[in-house]
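Here are my notes on the model you sent, set out as numbered points for you to read beside the coordinates.

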Amino acid sequence: MEAPERDDTPALPLAMDEGGKDVSEIRASEEAIMFINGIDPIELPKCVFEDSLVTISEGGRDLGSFYVSVEFARRACRPCMLLHAQSQGAIDNSPCGTTVTAYLTADLEVLEEEHHEYVKLSDHILDKRCHMVQHDGEMKINKVTTVGNEVTTESVSYSMSALRGLVTEGSNFLLMRIIALRKKIPEHMTLISFDQKLQIARTTFRGLEEKLMEIDGETVEVFGVERTVHWLDEDPTTWQCYFLSDGHLASRLQVGSPITMRLLQLPSQKEEAYEKIPLVWEEDIQMRSKFLDRKEELKADHASYLKANPEIRALISDFLQFLLLKKPDDVFQFAREYFFPFTSDTNLDTSPH
């Protein structure tokens with residue numbers, strides 16, 4: 001039997017970004033894909049809770065707070081998970097913060113996500129906003145970076161087929177909770193992420209040895225997960241997180257950083273002394289969307305009323321012209337006298353004659 005003829009034709013890239021760069025070389029491992037595809041819907045209710053930690057310096061000084069919540073939601077009439085994470089604090093006495101809001105499917109696919117970071121320096125503000133949304137089989141990403149008065153925008157679009165096994169800043173938190181609840185992680189857990197330049201990068205996860213941690217005077221056993229993002233043009237960045245048996249986050253740190261996020265009270269104790277962190281509605285996709293919809297609804301309603309009653313504009317215009325002409329010291333008394341003739345005596349006196 002003859003051996004098949006060898007084909008030396010170079011293989012075409014499976015996926016390319018808008019700049020024509022082959023992104024198919026960086027892929028998620030099959031073990032990681034199987035892990036995500038194997039998420040059972042009955043696992044998700046166990047992930048619906050809030051975590052609240054404090055940020056502490058190496059010397060034990062309180063620097064800020066960290067908060068993350070997961071809840072069931074709907075987006076465009078589609079059931080999904082809504083994740084909201086927020087950290088606030090200060091770096092060298094400069095206020096800073098990060099907010100992540102993400103809508104995720106049950107298998108951690110990103111429907112929409114917004115990531116906002118800021119640092120208020122003494123002479124200018126550094127502000128980064130990255131918004132991604134899934135539309136027509138593509139992930140469209142827009143990033144706006146503001147440094148003082150200088151604004152830089154970046155846009156990129158990827159085919160969803162090229163993003164198999166994508167984990168973002170938002171979906172990462174939910175994935176870690178599932179891993180913590182299972183207390184096991186595949187040996188070769190490799191997924192893909194976006195780097196600062198919106199290029200596809202490799203992200204790996206591995207389990208850490210269980211250890212004992214003291215929380216509010218009580219010693220508890222915690223399970224660790226290490227996440228490393230392998231940037232294309234920079235050294236890798238690694239985070240280590242430890243979780244309680246119920247999936248609550250006990251500590252989080254970036255390797256090499258003197259700052260640690262720690263849980264100060266166990267969940268059962270926190271329920272009694274729980275203080276809700278105020279939500280910044282402008283940074284929440286769902287609440288901002290409702291606000292904009294209501295704003296447009298009111299504008300249309302007001303415009304319709306003014307169009308149906310043109311005398312309103314004429315009346316207000318005449319009043320303002322007369323007011324600016326006379327420039328009275330008591331504006332309220334002036335308005336009272338101006339509009340008094342428009343009120344008939346019959347309307348003022350409602351008593352029977």
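1. In this predicted model, strand E3, which covers residues 78–91, supplies seven residues to the lining of the largest pocket, and that is the largest share of the lining. The pocket holds about 1,500 Å³ of space, and its lining comprises 50 residues, of which Thr98, His115, Glu117, Trp239 and Gln254 lie nearest the centre. Sorted by class, the lining has 22 nonpolar residues, together with 17 polar and eleven charged ones.

2. The strands E6, E7 and E8 can be read together. Strand E6 (residues 125–135) runs antiparallel to strand E7 (residues 138–147), and ten bridges join the two; within this pairing, histidine 131 has asparagine 142 of E7 as its bridge partner. Ten bridges also join E7 to strand E8 (residues 150–159), again in an antiparallel arrangement, and here threonine 145 is partnered with threonine 152 of E8.

3. The turns on either side of E7 deserve a look at the backbone angles. The hairpin of E6 and E7 has two residues between its strands, and aspartate 136 takes a positive phi near 50 degrees there. The hairpin of E7 and E8 likewise has two residues between the strands, with glycine 148 in the turn at a positive phi of about 65 degrees.

4. The count of salt bridges comes to twelve. One of them joins the side chains of glutamate 169 and arginine 227, with an N to O distance of 3.4 Å. Because glutamate 169 lies in helix H2 (residues 169–182) and arginine 227 in strand E11 (residues 218–230), this pair ties together parts that are 58 residues apart in sequence. Glutamate 169 is partly exposed at 25% relative accessibility, whereas arginine 227 is buried, with a relative accessible area of 2%.

5. Strand E11 also takes part in a salt bridge through glutamate 226, which meets arginine 206 at 2.7 Å, N to O. Since glutamate 226 lies in E11 and arginine 206 in strand E10 (residues 200–215), the pair ties together parts that are 20 residues apart in sequence. Glutamate 226 is buried, at 12% relative accessible area, while arginine 206 counts as partly exposed at 43%.

6. A network should be checked as a unit: salt bridges that share partners join Glu114, Asp127 and Arg129. Within this network, the closest N and O atoms of arginine 129 and aspartate 127 are 3.9 Å apart. Arginine 129 is partly exposed, with 32% relative accessibility, but aspartate 127 is buried at 17%.

Terms used
Residues numbered from 1 in each chain as written. Predicted model: local features only at pLDDT ≥ 70, side-chain atom pairs only at ≥ 80, totals over all residues. Heavy atoms only, no water. 1 Å grid on protein atoms, 1.4 Å probe; cavity = no way out; pocket = protein on both sides within 12 Å on 5 of 7 lines; lining within 4 Å. Points joined across faces, edges and corners; volume = space filled by probe spheres on them. Helix = DSSP H or I, 4+ residues; strand = E, 2+ residues; numbered from the N terminus. Nonpolar A, V, L, I, M, F, W, Y, C, P; charged D, E, K, R; others polar. Pairing = 2+ DSSP bridges. Salt bridge = Lys/Arg side-chain N within 4 Å of Asp/Glu carboxyl O. Buried < 20%, exposed > 50% of the residue type's maximum accessible area, 1.4 Å probe, protein only.
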